[in-house]
Amino acid sequence: MRHIGTVVGTGVLLLVISACGSAQNAAPGAGGGGETLPTATSSAEPSSEVPPNTSPGEVPPDGKPVTKLDANALPPDQPRTAWTVGDGKTVGVVGQEGGCGKASASVLEQTADAVKIELLETTPLTKQMCTMDIRFPPLTVQLSEPLGERTVVLTSRQEQK
């Protein structure tokens with residue numbers, strides 16, 4: 001009989017804890033007053049030319065590795081891989097994104113000797129809860145002419161939007 005108070009007290013405590021957890025995850029207007037947490041998405045839409053299951057640093061099965069690559073401007077931990085697909089006008093690279101960041105790639109310059117590609121990670125301006133993971137999505141850019149013997153020069157930067 002004297003342990004019944006402990007059992008009832010423990011039951012009430014569990015009920016209160018589970019009710020508090022439910023209120024934090026409730027959607028706005030559902031009586032909980034909590035926030036809806038953002039979901040992780042990737043801006044790098046997998047295309048039919050770049051398999052989404054390609055590991056960082058790995059050239060896709062239908063890709064041809066780029067032999068002239070200047071990746072000296074990339075951070076040390078970023079993969080340094082580039083490839084061409086099909087007729088050589090499509091160049092694939094590996095981006096880097098983390099948490100709420102979105103990776104993209106764009107051609108900055110095309111000359112007779114080199115193609116300069118910028119890898120951009122865009123992060124939200126407003127503070128929000130994000131995961132602490134790092135992803136390496138495959139990205140592609142389109143050239144006006146096939147890459148041929150030109151050097152691919154990779155640069156990277158981060159931007160808030």
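A residue counts as exposed when its relative accessible area is over 50%. Keep that cut-off in mind for the views below, which come from a predicted model.

**View 1. Thr67, out in the open.** Thr67 sits in the loop that links strand S1 (63-65) to strand S2 (69-70). Its relative accessibility is 74%, so Thr67 counts as exposed. Look across to Thr151 as well: the two residues are 84 apart in sequence, yet their C-alpha atoms are 8.0 Å apart in space. Thr67 is also one of the residues that line the largest pocket, which is the next stop.

**View 2. The largest pocket.** How much space lies in the largest pocket? The figure is about 210 Å³. Its lining takes in Lys64, Pro65, Val66, Thr67 and Lys68, then Thr84 and Gly88, and finally Leu147, Gly148, Glu149 and Arg150. Sorted by class, that lining comes to 3 nonpolar, 4 polar and 4 charged residues.

**View 3. Leu147, a residue with two roles.** Leu147 helps line the largest pocket, and Leu147 is also among the residues with the most contacts inside the largest nonpolar core. Leaving aside residues up to four places away in sequence, Leu147 touches Val66, Thr84, Gly88, Val115 and Val152. Three of those names should look familiar from the pocket, since Val66, Thr84 and Gly88 are in its lining too. Val152, for its part, is listed with Leu147 among the core residues with the most contacts.

**View 4. The largest nonpolar core.** This core has 16 residues, and the ones with the most contacts inside it are Val91, Val93, Ile117, Leu147, Val152 and Leu154. Which elements give two or more residues to the core? They are strand S4 (90-94), strand S7, strand S9 (138-142) and strand S10. S7 provides the largest share, with 3 residues. As background, nonpolar side chains tend to be buried together in soluble globular proteins.

**View 5. Val141, tucked away in strand S9.** Is Val141, a residue of strand S9, buried or exposed? Its relative accessible area is 5%, and buried means under 20%, so Val141 is buried. Skipping residues up to four places away in sequence, Val141 touches Lys89, Thr90 and Val91, along with Ala105, Ser106, Val107 and Ile117. Two of these partners, Val91 and Ile117, are among the core residues with the most contacts. With Ser106, Val141 has a C-alpha to C-alpha distance of 6.1 Å, although 35 residues separate them in sequence.

**View 6. Asp87, on a loop.** Asp87 belongs to the loop between strand S3 (82-85) and S4. Its relative accessible area is 53%, so Asp87 is exposed. Where the chain comes back around, Pro146 is 59 residues from Asp87 in sequence and 6.5 Å from it in space, C-alpha to C-alpha.

**View 7. The second largest pocket.** This one has a volume of about 150 Å³. It is lined by 13 residues, and the closest to its centre are Gln78, Gln96, Glu121, Ser156 and Gln158. Strand S6 (102-110), strand S7 (114-123) and strand S10 (151-160) each give two or more residues to the lining. The class split here is 5 nonpolar, 6 polar and 2 charged.

**View 8. Gln158, a pocket residue on strand S10.** Gln158 is in strand S10 and is one of the lining residues closest to the centre of the second largest pocket. With a relative accessible area of 62%, Gln158 is exposed. Not counting residues up to four places away in sequence, Gln158 touches Leu120 and Glu121. Glu121 is itself among the residues closest to the centre of that pocket. Glu97 lies 61 residues from Gln158 in sequence, with 9.6 Å between their C-alpha atoms.

**View 9. Zooming back out to the chain.** The chain has 1 helix and 10 strands, and from the N terminus the order is α-β-β-β-β-β-β-β-β-β-β. Of its 161 residues, 30% are buried. Among contacts between residues at least 6 apart in sequence, 67% join residues at least 24 apart. The accessible surface comes to about 10,100 Å², and carbon and sulfur atoms account for 58% of that.

Key: Residues are numbered from 1 along each chain as its sequence is written. This is a predicted model: local features need pLDDT of at least 70, side-chain atom pairs count only at pLDDT 80 or more; totals for chains, interfaces and linings use all residues. Side-chain values use heavy atoms; hydrogens and water are left out. On a 1 Å grid over the protein atoms alone, a cavity is a set of points where a 1.4 Å probe fits but cannot get out, and a pocket is an open set with protein on both sides within 12 Å along at least five of seven lines; lining residues have an atom within 4 Å of a point. Grid points are joined across faces, edges and corners, and a volume is the space filled by probe spheres set on the points. Ala, Val, Leu, Ile, Met, Phe, Trp, Tyr, Cys and Pro count as nonpolar, Asp, Glu, Lys and Arg as charged, and the others, Gly among them, as polar. Helices (H or I, at least four residues) and strands (E, at least two) are DSSP runs, numbered from the N terminus. Buried means under 20% relative accessible area, exposed over 50%, partly exposed in between (1.4 Å probe, protein chains only). Contact means heavy atoms within 4.5 Å. Accessible areas come from the Shrake-Rupley method with a 1.4 Å probe; for residues, only the protein chains shown count as cover. A nonpolar core is a set of buried Ala, Val, Leu, Ile, Met, Phe, Trp, Tyr and Cys residues joined through side-chain atoms within 4.5 Å.
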